[in-house]
Every structure is written in C-alpha cells, then in structure tokens.
Amino acid sequence: MNKKILIVDDEVHIRALLEQSLEDLEDAGVEIFLARDGEEGLQFAKEEKPDLMFLDIMMPKKNGYEVCEEIKRDSELKDIYIIMLTAKGQAADKVRGEDVKANEYITKPFNPDEILQKASDILRVQI
C-alpha cells in the first residue's frame with residue numbers, strides 16, 4: 001500500500017513549496033495531497049487517511065489546532081503523524097501544539113531539504 005502525505009495550508013506558495021520539496025518521495029510511490037483550509041484538510045484526512053500530515057495553524061474555516069485535535073480524537077485517524085508547520089513560533093503556540101497532540105512543531109521559514117529528510121524518515125522511504 002502506498003504511503004500518503006497531506007499538505008494543509010491556505011497559502012498557495014507554501015503548498016507548492018512543500019509539494020516541490022517532497023516530490024522525490026513520489027518516485028518511491030508516495031502520494032501527495034493538497035488542501036487549502038482546515039475543513040478541506042479534515043475531509044481529505046478522513047477520506048485518504050494519510051500517513052503524514054503537514055498542517056498550518058492560521059487558516060480559514062478551521063485552524064490547524066482544531067483539525068489536529070479532531071484527528072487525534074478519532075480512533076481511525078489518531079495514528080496520522082502530524083507536523084504543525086507554522087509562522088507561530090512562540091512558546092505558548094508550541095505548548096498548544098503539544099496540547100492537541102501534534103507529533104512535531106516546525107516554524108516557518110523551513111528548510112526544504114530537512115522537510116524531505118524528515119518525511120523520508122517518518123515514512124521509512126528511501127530517497
């Protein structure tokens with residue numbers, strides 16, 4: 001079964017940068033899905049059950065904290081590895097990320113090579 005990554009961010013250029021950063025994984029059979037807001041991201045998560053999710057915090061309709069909290073409470077989705085990827089880098093923001101059970105919290109700007117390596121390690125896919 002192919003591994004799946006879901007990128008949820010309301011900024012089109014961030015979605016594109018993440019997708020481009022992770023495209024080497026597609027050669028290894030990883031599918032990449034994109035969502036432009038929290039509601040769409042939650043719907044994709046329920047339908048596709050990704051293995052890994054990059055989740056922005058400040059988004060319309062549902063913020064990343066709300067999406068993460070709903071996923072981690074759902075017995076069918078709770079094992080999705082969620083990386084909060086956000087411009088909100090204050091200690092209180094990171095604590096809130098821990099409270100909703102995000103697996104990791106990375107602040108923007110991010111290093112595309114590190115994102116690729118992290119995804120490769122989490123999914124156990126060779127690049």
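**Aromatic, charged and helical contacts**

In this predicted model, Phe44 is partly exposed, its relative accessible area being 25%. Its aromatic partner is Phe33, and the two rings form a tilted pair, with 6.3 Å from centre to centre and 45° between the planes. The arrangement counts as tilted because the angle is neither under 30 degrees, as stacking would require, nor over 60, as an edge-to-face pair would require. Phe33 lies in strand 2 (residues 31-35) whereas Phe44 lies in helix 2, so that the pair ties together parts of the chain that are 11 residues apart in sequence. In contrast to Phe44, Phe33 is buried, at a relative accessible area of 16%, which falls under the 20% limit for that class. The count of aromatic pairs in the structure comes to 1.

Helix 2 also takes part in a charged contact. Side chains of opposite charge can pair when their charged atoms come close. Glu48 forms a salt bridge with Lys4, the closest N and O atoms lying 3.0 Å apart, and this pair links distant parts of the chain, since Glu48 belongs to helix 2 (residues 38-48) and Lys4 to strand 1 (residues 4-8), 44 residues away. How does each partner stand with respect to exposure, buried or partly exposed? Glu48 is partly exposed at 24% relative accessible area, while Lys4, at 17%, is buried.

A search of the whole structure finds 9 salt bridges, and among them is the contact between Arg36 and Glu40, whose closest N and O atoms are 3.3 Å apart. Another joins the side chains of Glu70 and Lys62, with an N to O distance of 2.8 Å. Both of these partners are partly exposed, Glu70 at 24% relative accessibility and Lys62 with a relative accessible area of 22%. Elsewhere, Asp9, Asp56 and Lys108 are joined into one network by salt bridges that share partners.

The last contact to follow is one between helices. Two packed helices are described by the angle between their axes and the distance between the axes. For helix 1 (residues 12-26) and helix 5 (residues 112-123), the angle is about 50° and the axes are 9 Å apart; the two helices are therefore oblique to each other. Helix 1 passes helix 5 in a right-handed crossing. On the side of helix 1, the contact is made by Leu17, Leu18, Ser21, Leu22, Asp24 and Leu25, and on the side of helix 5 by Pro112, Ile115, Leu116, Ala119 and Ser120.

Technical notes:
Residues numbered from 1 in each chain as written. Predicted model: local features only at pLDDT ≥ 70, side-chain atom pairs only at ≥ 80, totals over all residues. Heavy atoms only, no water. Salt bridge = Lys/Arg side-chain N within 4 Å of Asp/Glu carboxyl O. Helix = DSSP H or I, 4+ residues; strand = E, 2+ residues; numbered from the N terminus. Buried < 20%, exposed > 50% of the residue type's maximum accessible area, 1.4 Å probe, protein only. Phe/Tyr/Trp six-rings, centres within 6.5 Å; stacked < 30°, edge-to-face > 60°. Axes fitted to C-alpha atoms, helices over the stretch in contact; angles between N-to-C directions. Parallel < 35°, antiparallel > 145°, perpendicular 65-115°, else oblique. Left-handed = near helix turned anticlockwise from the far one by under 90°. Contact = heavy atoms within 4.5 Å.
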